[in-house]
Amino acid sequence: MFLWAGAALIVLELPLLLAASLSPRIDALPTLQAAGGIWTVSLMLLAQGFERSAYTILAVVASLLTFAGGMVFVRFFERELDP
């Protein structure tokens with residue numbers, strides 16, 4: 001059950017990533033943050049489905065890198081964010 005849910009989340013994330021790749025850089029930030037959250041949940045589901053607690057570390061690291069990646073994105077494109 002967990003494996004099916006994790007696989008479904010990964011497949012349903014593909015249109016979100018397609019929308020992020022086709023949108024302007026600034027509009028892609030919320031989309032990429034949402035995709036990072038969905039990716040983290042899918043990794044947790046897959047770790048539970050495979051019954052490997054060590055795989056959970058990958059999900060925790062992914063959640064931290066999603067936040068850090070968003071901050072780096074804002075840092076490099078802050079001039080475009082100012083009105």
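**View 1. Tyr55 in the predicted model is partly exposed.** The relative accessibility of Tyr55 is 44%. Because partly exposed covers the range between the buried limit of 20% and the exposed limit of 50%, Tyr55 takes that label at its computed value. The residue is placed in the loop between α2 and α3. The model shown here and in the views below is predicted, not experimental.

**View 2. Phe50 and Tyr55 form an aromatic pair.** One aromatic pair turns up when the whole structure is searched. In this pair, formed by Phe50 and Tyr55, the ring centres are 6.5 Å apart and the planes meet at 90°, an edge-to-face arrangement. The edge-to-face label follows because planes over 60 degrees apart are classed that way. Phe50 has a relative accessibility of 47% and therefore counts as partly exposed. Its partner Tyr55, at 44%, is also partly exposed.

**View 3. Leu3, Phe50 and Tyr55 make a nonpolar surface patch.** The area of this patch is about 300 Å². Phe50 and Tyr55 thus appear in the patch as well as in the aromatic pair. Leu3 is the remaining member of the patch, and its position falls within α1, which covers residues 2-22.

**View 4. Helix α2 runs from residue 25 to residue 49.** With 25 residues at 1.5 Å a residue, α2 should span 36 Å. The C-alpha atoms at its ends are 35 Å apart, so the model agrees with the expected span. After α2 comes Glu51, which has a positive phi, near 55°.

**View 5. The buried residues of α2 are covered in part by α1 and α3.** On α2, the buried residues are Ala28, Leu29, Thr31, Ala35, Gly36, Thr40, Ser42, Leu43, Leu46 and Ala47. What covers them includes α1 (2-22) and α3 (56-76).

**View 6. The whole chain, for orientation, has four helices and zero strands.** Read from the N terminus, the order of elements is α-α-α-α. The C-alpha trace spans about 50 × 25 × 10 Å along its principal axes. Buried residues make up 23% of the 83 residues in the protein. Of the contacts between residues at least 6 apart in sequence, 58% join residues at least 24 apart. The exposed area of the protein is about 6100 Å², and carbon and sulfur atoms supply 73% of that area.

Conventions
Residues numbered from 1 in each chain as written. Predicted model: local features only at pLDDT ≥ 70, side-chain atom pairs only at ≥ 80, totals over all residues. Heavy atoms only, no water. Phe/Tyr/Trp six-rings, centres within 6.5 Å; stacked < 30°, edge-to-face > 60°. Buried < 20%, exposed > 50% of the residue type's maximum accessible area, 1.4 Å probe, protein only. Helix = DSSP H or I, 4+ residues; strand = E, 2+ residues; numbered from the N terminus. Expected span 1.5 Å × (residues − 1). Contact = heavy atoms within 4.5 Å. Patch = residues over 30% accessible without salt bridge, like charges linked within 9 Å, V, L, I, M, F, W, Y side chains within 5 Å. Areas by Shrake-Rupley, 256 points an atom, 1.4 Å probe, with all protein chains shown as cover. Salt bridge = Lys/Arg side-chain N within 4 Å of Asp/Glu carboxyl O.
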